[in-house]
Protein chains: 2
Amino acid sequence: MAQKPKKAEKDSRLSLTREGILEAALELADRDGIEKLTMRRLAEHLGSAPMSMYYHIPSKDRLIDAMVESVFARIRTPPEELPWKPAIRVRFQSARAVLTRHWWAPPLMESRRLPGPENLRHHNAVIGCFRRAGFSLELCAHAYAVLDSYLYGFAFEEASLPSQSDGGMQDIGGSMMDELRNGGFEHLAELAGELVLKPGYSFGDSFEFGLDLILDGLERAMRNEVRRR
Amino acid sequence: MAQKPKKAEKDSRLSLTREGILEAALELADRDGIEKLTMRRLAEHLGSAPMSMYYHIPSKDRLIDAMVESVFARIRTPPEELPWKPAIRVRFQSARAVLTRHWWAPPLMESRRLPGPENLRHHNAVIGCFRRAGFSLELCAHAYAVLDSYLYGFAFEEASLPSQSDGGMQDIGGSMMDELRNGGFEHLAELAGELVLKPGYSFGDSFEFGLDLILDGLERAMRNEVRRR
DNA sequence: TTCCTTTTCGTACTTTGTACGAATATATTG
DNA sequence: CAATATATTCGTACAAAGTACGAAAAGGAA
């Protein structure tokens, strides 16, 4: 009737398991992106046949749901023993690190129809952190909306930059600079030439800047609330 | 040799045109989302055959590029006659309004390999606005990264909320609340019960909150720079 | 009319997810 | 052990998608 695992934990690859399939899917997505992840390729990667996987997962869509949940599970929740600001910083720095590794995930994380339990766990933990610090419900909602939007937006932009692992974008610079100036995009050309294409520039550095900016703003808003009370 | 339009501007629908196809594609995407936009459906919507469109566009991918460019073109650039803060506010409020209408677009806008001219135009205008206000190049880069990330992230989250046109999400509330409490998500349950599911709540209201928060933070950062100079 | 260019579209091939049920492996029972 | 039942794998095939190819149709120009 119901399938009991009994003893199948010796070969997590040779004998198909939900977990093995999930793991392989994450590997492939991390390497080649989510759109290159097809059931056929996944089966080949597992040394199996496409239809064999359907005994363990109901559909590709459900598999992707599980992948997204798995990504959520790797993000740290705000440690309860810390004050709210460093605690929230931990959660969002962790999230960015995880999303940088699983760069295919951001567009999927909020667009699945129903949020999974890992997703809910995070929402709950973050809101709890704000509440303990004295944020009103309204401010909680705003704070979360702003921080989450920023996180996903940033991770998303970062994922679509050229070559997410190696140095930067210096190699593209040469020919494009002329186009920029000829097209009348002088500010862009200046920014590119004087900053972005210089060695040492990293788009990712802006994340900390924005995170601090938002956290400071939230602190101010929270203090304002307390004062008005 | 080269195709000259000559006289085909009478029936922008019956006689296929690049513009007519683009317009119809935008209509369909606005209504049903980008993943429901197939060449076959699009052709049907135009009263034509799938392969007929390929005389005017090279591929579906290029069509989507054009759709994205068209969305960019509808966003206002920061008015040069205004001070930087209200000018930037105009640009980002406009962007949110446009992205709310074209809710399928955010995941595509930054992920196309090469940015189109409309995209560049916006980047250039926004950076120019910051520069005129005295932002350093570094601060420009940070400011743009933060604001754009926020914008796309917010638009993206908003697009994946239930029912993007009608009232809210009150209809879902009932059964889920119990699940939330039983699952130990008490803070979430509180936030949902006391705020989100109440009439009058709108996720979109957080946009202004976050925009002001970020703009104030940028102003502070800019003043800090000036003071240090 | 005849010829040439522009525009439309029918057919067919490839890639994808996956329904269906047969084939095989594994476990349980007599 | 054999017989039976269950759990797992996979071969075949179909639908939906993008689009290559070249024939067909439409529209002028000579």
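Which residues touch the most other members of the largest nonpolar core? The views below start there. This is a predicted model, where local features need pLDDT of at least 70, side-chain atom pairs count only at pLDDT 80 or more, and totals for chains, interfaces and linings use all residues. Residues are numbered from 1 along each chain as its sequence is written, with chains lettered from A and ligands numbered from 1 in the order in which they are written.

**View 1. The nonpolar core.** Ala25(A), Ile214(A), Ala25(B) and Ile214(B) touch the most other members of this 111-residue core. A core here is a set of buried Ala, Val, Leu, Ile, Met, Phe, Trp, Tyr and Cys residues joined through C-beta atoms within 7 Å; buried means 20 or more other C-beta atoms within 10 Å of a residue's own, with C-beta atoms placed from the backbone. Leaving aside residues up to four places away in sequence, Ile214(B) touches Leu213(A) and Ile214(A), plus Val146(B), Leu147(B) and Tyr150(B).

**View 2. Where chain B meets chain A.** Here 43 residues of chain B are in contact with 43 of chain A (C-beta atoms, placed from the backbone, within 7 Å). On the chain B side, helices 6 (117–132), 7 (137–159), 9 (186–196) and 10 (205–228) give two or more residues each; helices are DSSP runs of H or I, at least four residues, numbered from the N terminus. Helix 7 of chain B gives the most, at 16 residues. By class, that side has 23 nonpolar, 13 polar and seven charged residues (Ala, Val, Leu, Ile, Met, Phe, Trp, Tyr, Cys and Pro are nonpolar; Asp, Glu, Lys and Arg charged; the others, Gly among them, polar).

**View 3. One copy on the other.** A turn of 180° and a shift of 0.0 Å along the axis lay chain B on chain A with an RMSD of 0.1 Å (least squares on C-alpha atoms of residues with pLDDT of at least 70 in both). That's a two-fold axis relation.

**View 4. Around DNA strand C.** Of the 21 residues surrounding strand C, the closest are Thr38(A), Lys60(A), Ala49(B), Met51(B) and Tyr55(B); near means a C-beta atom, placed from the backbone, within 6 Å. Eleven are nonpolar, six polar and four charged.

**View 5. Around DNA strand D.** Ala49(A), Met51(A), Tyr55(A), Met39(B) and Lys60(B) come nearest among the 20 residues around strand D. Helix 2 (39–45) and helix 3 (60–73) of chain B each give two or more residues to this surface.

Terms used:
Two residues are in contact if their C-beta atoms, placed from the backbone, lie within 7 Å. A residue is buried if 20 or more other C-beta atoms lie within 10 Å of its own, exposed if 12 or fewer, and partly exposed in between; C-beta atoms are placed from the backbone.
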